[in-house]
Each structure stands twice: as C-alpha cells, then as structure tokens.
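Work through the exercises below with the sequence and the model side by side, trying each task before reading its solution.

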2 protein chains.
Amino acid sequence: MAVTIHDVAKGADVSVSTVSRAFTMPDMVNAATRRKVLQVAEELGYQPNRAARGLVTGKTGNIGVVVPDVANPFFSAMLKGCTARAREVRHVVFLADAAEDPRVEAEVVGAMAKQVDGVVLCSPRMHPDHLARLVGTTPLVLINRDEAGLPAVLMDSADGARQALEHLAALGHRRVAHLAGPAASWAGEQRLVGLRAAAPVCEVETIELGPFPPTFQGGVQAADLALARGVTAILAFNDLMAVGVLNRLAARGVAVPSDVSVVGYDDIEMSSMTTVPLTTVRMPMEAGGRAAVDLLLDNLDAGADPDATPTRRWLPTQLIVRSTTAPPSQDAAARALAGR
Amino acid sequence: MAVTIHDVAKGADVSVSTVSRAFTMPDMVNAATRRKVLQVAEELGYQPNRAARGLVTGKTGNIGVVVPDVANPFFSAMLKGCTARAREVRHVVFLADAAEDPRVEAEVVGAMAKQVDGVVLCSPRMHPDHLARLVGTTPLVLINRDEAGLPAVLMDSADGARQALEHLAALGHRRVAHLAGPAASWAGEQRLVGLRAAAPVCEVETIELGPFPPTFQGGVQAADLALARGVTAILAFNDLMAVGVLNRLAARGVAVPSDVSVVGYDDIEMSSMTTVPLTTVRMPMEAGGRAAVDLLLDNLDAGADPDATPTRRWLPTQLIVRSTTAPPSQDAAARALAGR
DNA sequence: GTGAAAGCGCTAACAA
DNA sequence: TTGTTAGCGCTTTCAC
C-alpha cells in the first residue's frame, strides 16, 4: 500500500542504502544519483517512515506534550508555543490531554514514552512520587513546576505577584484579597510566596482566600467572600476568575475600580475579548512552550555528557496596568481601614 | 536503556512470542504463564513499543489531528473532543498546528501520515487539489468541509444562520448585516447559503460585509461598516468578532440591543467570559471532534469492505438567545427603513 | 500452549 | 561513491 524505501530504490535503480543516504546524508552520494533518487521519491510521493527510522536510530523526531486541559486558553497558548517551536526544529508533537486528572497525567506519559524523544509536562498536577517514577522512562521537561533535579521552564509568578501588590500599594490600597486557584498549582504557590514577601514591605494586609475553581464561576463565588472581608483590591488566580469577579461586583453594584480594584493573570489578550479591560500580570505561556521544547532538545543533545546539569529556565512576568485598578475612594479606604 | 519485550521474556523465562501473546491475545496463553509474564512486565515497567508494533501490524493506534490554530478557542474545543474520544478508544493523538497556512496543512499531513492510522483535518483551508493529493496517503476525515468523496463531520451552519435570522425577523428586524470571516471557510459559506435562503422567507434584507479577520479587531472594523449601512442587527462570524462589534458599538455610543442587536457563533461558553452576554449560534465543536474520531475509526474497520461509502455526519447547531438581541427601537427601525 | 524464525521500513556498520 | 548485511522491537506464521 504505502510507498516504501524499496520502491524508490527500485525506481531509481539503486540500493536502499543509497536512497536512505540521499535523505539523511545528502552529500555522501553522487549529485546525479541524489537528484535521480529525490526525483523518483517525489514522483512516488515517498515519505520516510519516521517510526521505522526511530526504531533503529533511537531518535523519533517526536516530542510529547501533556497538558491538563487543551481547552483552557492558558494551556492552549502553551501548546501553541510547543507545536510552533517543534515545527521549526522539524519535530512532530504527540499530544495528551490529562483532563485535569493527575493519574491520567502519569498514564499518558507511559503511553507515548516509546514513541517520543522526550515529554514536556505542562503545569503537571501529579504527585511528586509519580513524577519521580516517570523519570528514567523518558526525558522530561516541566513547565511551571519545580521538582528536584528535573529540568524546567519556570515563570516568575512570585515576582508577578510582587509587581501587582506594589502597584496596588502605590495606589494606596492597604487591604488586598488573594484568590487562590487549584491547590496543586505551583504557580499559585509561587504567587503566595511573592505576596507574603512583598506584603510587609508594601505595608499591605493580604487576605488569602480559596482555593476556588479557576473559572468564571470561581470568580463569582470568590468575589462575595472578598467583599465580606472589606478589601479595596482583589488579585484573582487568572483572567477567567477575574472576569467572574468583575461580573459579580457589577451585579452587586460595587464600582470598579473606585470601590474595588481587580487584577488577573493571563497570557493571551483575553482582556481584549471582554468589554472591560483588565489589569493583569502577563504570563508568557507561549514563550514557555517554546522554551520547554528547546530545553528538552538541548538536554537530549547533551545527553552524552554525564554531568550535564538539568537546567531551569526562568521567564519574567510583567504587569500590564489598565483601567480596573485605581486608587481606592476615600469611602472604600475608610471601610477597609475599619476592617469593614 | 528502555525495557523491551526481550527483557520481559528473559525475566519470565519464556519466549518473546509468549510475552507478545500475553499482551495481545491473552487467552491464548496458559493462565499461570500469563500471570507471571504480566507480573514481570509490571515490575520491569515494560510498555510495548507501539511504533515497533505498528511496523508489523500496520496499525499504529495513533490518530493525527490538524488544526488551523490551537490557540483559537473554536479549534481547541475541537481538539479537546478529539483527544478525549481518542483516549476512550485507546488511541494517542498526533497534533499539528497549521498556523493558518494552507501549505503547512498539506505538509504536516505528509509528516505524520506513516505514524498514524488516519488524520482528522479540522476546518482545512487548503485548496481542493491539495486535498485530493492527500487522499490515498492516509485515511482522512474532514470537519466542517465538504469535499467530494471524503468522509466528513459537518455542522449545520446554514441552519444556524437560518435560526438566527428567523429570530431577528421575529423581533421585527428588517435590515441585517452579515459579517463574513475568512473567505476559505466552509462554515462561512454555509452561513451565507442559509442566510440567502432564509432572507426572502423572513422578509429581511441582508447586507453582506467582509471578509474580515475572525478577531476582535475584525469586529471593530466591521462594526463601522455595518453601522454605515443602517442595519438594526448584526450577525458576526464568531464570538471574537461579535465582542469586537459590541465594543465598537459601545465606543460609538450605539445602544445594544435597542439601536443594534448582535449575534455571534461559538462553542465554549465564551459569553460567560464577557460581561455582556451574547446571543449566539452554538456550534458543537467538541462533539465534532469526537464524531470525527469515531468516523475515522469506523472507516478503518470497514476498510476491507470495498463499497463502504465514506459517510457524512451532520451535527445540529442551536440558537441560544440572550440579552443582546431584542426588537429594534422605533427610531432604529425607522432609520433602517430609510436605508439610513 | 509454546518456541523459532521471518520480516515490517529503515539506518549503520562494513565491504567493495 | 555504492551495495550488502544485520538488526532496532515487535507480531505472526509455522512447527512442535
């Protein structure tokens, strides 16, 4: 059925090795022969079977990517970065959606391990022990998770939180809510770290709420709790939650930003999709995907080198200020001071 | 390095064929032997190399998915459906992002052809000739594109457009703009078909505008043109454009829905992410992905059957009415009547 | 019920 | 520069 290397060899009247070489080491075959081979291959529509090639070379030219949920814009942005970079370096992507289930995460890695040169795990939520068991199965790179000894692309979420808090403090906010997302989120942890470090310096009192589902509904739910604590500003886990917060505030007649200011986290221009622009900490998800692919490939190349330390790559985050943050009104400030 | 079938065979003190059988035809091996084999395999962490298996069986257990842009919520929803369904039937997904480039689309299919049992092409924008050339390379299933002889999952966009127009007509709108997206979009074509068929019946005059980029900016741009034509309602190519339209209308002081009503198309609850809920035609993207995987697998099974006709699967669309559509005000209606 | 051997499509020595 | 051969990890006849 499918056209193989033998067909080409026959057609060009050469041996299979010559055909193979014409593709993999072009300048080791006579120019005329090569031309002929490539032409016949073209005519026959021959494409080398990469699986078979991988079987003998040990390199598949495939890389695996595991995301918690492709439909989540955060992760589809990451995935975009992975596929884009993979293509640039002539690799193909094996995708698995873990459906937000930590067990599935581990399982799928096993399923693709043999067919890929390595796997990029996007914000894996799985238990460290499971993660440890995966090491050795196949080369791994993590995104937004810091596990001992594993190469990783890390986004400076702690610094993002710091920037956000300093921004709010500079505006005069003194009582700020932090809405947590999923408990297993490393990025979430980091934000808390950054927040707790920055709070005393900024002389801001932080109210830690959550965990909440990282969704519109989660934001709605969280908004009421935050309001009850008399804050003048809210840091939401992500843009989805932030929009939920905004919606709930509007529904309750709370004015943004004069009564309460709101900050989210995003990568894509999600804010451009809402009619209310949102101050956000920009997380470079797509860049993270690209970096992870590069890191994986680098580690593979250095594979021979025994003490090639697995690297961490830090990516900066950046605050983008828009109209949902402003100094608190006298009123709001007073209420916050009174602890409401 | 990796643990192979030989390791297991050695460990269990049986031949490789027995190990193989223990996995692929369990009841053809003695229960005790099988148990032993599986146990050793478990201990060693053995996972069959699916690529090697594919080499001999001709079935890889992988399916390819090509999308124009993973970061587009429409397509990430489709992809979600594909990965979810693939997992259920124990298949793994090979993903390629065509970066909205028709040439890349054709190219990537070639790159994965040999490693997959078939490919799902999501809303392919490539030229029919290129598509034709791909047939025979590997089994194909299209989503939202109707090409002679190819199996496809089709969403009834024409009917969605009809529903939207009837809804608007029932509210009293008589002059409605249709904002087209990319020219190569089959779904876009279909909407036009539905619209043109429904317009005379509904006694509505449709103003066809575009093509516009299917983005927020595209909506902004289109809104002004639509306004200039004095319509009382706007059908946007997708939700992104719709939100762009809403934003521009707000900026120009045009009231929604009293001056102008707006309808979009979506799958995900994108409307829940905006502070302005949007009347939309719901496109079942995720369901489409699932259906495509099923269709592909069905066709493969029936592969032996010579006259197994490639099937089309139609999925219904559904209008979801919300507060951005309402009867036009007297004012708006009069202006529209005057052709503005 | 189990093993030995051939071979899937390809690359990598080794010869020529 | 090119051809011959072995073998990657697996399944599958065909004997036993």
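Chain A contains 13 helices and 12 strands, where helices (H or I, at least four residues) and strands (E, at least two) are DSSP runs numbered from the N terminus. The model is predicted, so local features need pLDDT of at least 70 and side-chain atom pairs count only at pLDDT 80 or more, while totals for chains, interfaces and linings use all residues. Residues are numbered from 1 along each chain as its sequence is written, chains are lettered from A and ligands numbered from 1 in the order in which they are written, and side-chain values use heavy atoms, with hydrogens and water left out.

**Exercise 1.** Find which residues are closest to DNA strand C, and how the residues surrounding the strand divide by class.

*Solution.* Begin with the 25 residues that surround the strand, of which the closest are Ile5(A), Ser20(A), Arg53(A), Thr18(B) and Thr33(B); a residue is near a strand if one of its heavy atoms lies within 4 Å of it. Next, sort this surface by class, which gives 11 nonpolar, 11 polar and three charged residues, with Asp, Glu, Lys and Arg counted as charged, Ala, Val, Leu, Ile, Met, Phe, Trp, Tyr, Cys and Pro as nonpolar, and the others, Gly among them, as polar.

**Exercise 2.** Locate the atoms of DNA strand C that the side chains of Tyr46(A) and Arg21(B) approach.

*Solution.* For Tyr46(A), a side-chain N or O atom is 2.8 Å from a phosphate oxygen of the strand. For Arg21(B), the partner of the side-chain N or O atom is a base nitrogen, at 2.7 Å.

Methods
Polar contact = N/O pair within 3.5 Å; in protein donor to acceptor, adjacent residues only side chain to side chain.
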